[in-house]
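Here is a friendly tour of one protein model. Please keep the sequence and the 3D view open side by side as you read.

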Amino acid sequence: MSKTEAGAIEFKDDREAGRLLAVEDGEVVGLIAYFVLDARPHALVAVHTVVEPGHEGRGIAGDLVKAFYGIAAAEGVPVVPLCPYAASWAGRHPDQAPEAPAEVVAAAKEQLDASPDLW
């Protein structure tokens, strides 16, 4: 849970839909669209981060990315931040966002290029 001005945000991993949702009072206030890399090590690949209008400026996007890295760490897989926001966050928080091996990043880009509907 993340404390915000309005209350607590819960993060829900909807793996089937490829969405990590930020939910506040039953309402989705932000999300990370992602996919799981087909090839081992089955990295989690962040493609797009969204904060719904009216909820910006509260740290939701950063909390989403932090939670996303936490899920990957718990699963023992790397994160490939193809989303510009996630990549920027990772660059500012190297202690919380280990860099994925170059071959994993290349495989994620290839999979996204082959299937742009992944998000």
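Where is the place of Pro41? Pro41 sits in the loop between strand 4 and strand 5. The peptide bond that leads from Arg40 to Pro41 is cis, with omega near 15°.

Before going further, a word on the ground rules: this is a predicted model, in which local features need pLDDT of at least 70 and side-chain atom pairs count only at pLDDT 80 or more, while totals for chains, interfaces and linings use all residues. Residues are numbered from 1 along each chain as its sequence is written, and side-chain values use heavy atoms, with hydrogens and water left out.

**The overall fold**

The protein chain holds three helices and six strands, in the order β-β-β-β-β-α-β-α-α from the N terminus. The radius of gyration is 14 Å, close to the 14 Å that the globule rule gives for 119 residues, so the protein chain is as compact as a globular protein of that length. Helices (H or I, at least four residues) and strands (E, at least two) are DSSP runs, numbered from the N terminus. The radius of gyration is taken over C-alpha atoms, and the globule rule is 2.2 Å times the number of residues to the power 0.38.

Along its principal axes, the C-alpha trace spans about 40 × 30 × 25 Å. Of the 119 residues in the protein chain, 40% are buried; buried means under 20% relative accessible area, exposed over 50%, and partly exposed in between (1.4 Å probe, protein chains only). Among contacts (heavy atoms within 4.5 Å) between residues at least 6 apart in sequence, 46% join residues at least 24 apart.

**The cores**

The largest nonpolar core has 22 residues, and those with the most contacts inside it are Leu20, Ile32, Phe68 and Tyr69. Such a core is a set of buried Ala, Val, Leu, Ile, Met, Phe, Trp, Tyr and Cys residues joined through side-chain atoms within 4.5 Å. At least two residues of this core come from each of strand 3 (19–24), strand 4 (27–36), strand 5 (44–51), helix 1 (60–75) and helix 2 (84–92). Helix 1 gives the most, with seven residues. Not counting residues up to four places away in sequence, Leu20 touches several residues, including Phe11, Ile32, Leu64, Phe68 and Ile71. Apart from this core lies another, of 10 residues, among them Val45, Ala100, Ala108 and Leu112.

Helix 1 also contains Ala72, which is buried at a relative accessible area of 1%. Leaving aside neighbours within four places in sequence, Ala72 is in contact with Leu44, Val77, Pro78 and Val79. The C-alpha atoms of Ala72 and Ala43 are 7.6 Å apart, although their positions lie 29 residues apart along the chain in numbering.

**Two residues with positive phi**

Which loops hold Asp25 and His42? The table places each of them and adds its phi and accessibility.

| Residue | Phi | Loop | Relative accessibility |
|---|---|---|---|
| Asp25 | near 50° | between strand 3 and strand 4 | 71%, exposed |
| His42 | about 55° | between strand 4 and strand 5 | 31%, partly exposed |

Neither Asp25 nor His42 is a glycine. His42 is in the loop between strand 4 and strand 5, where Pro41 is also found.
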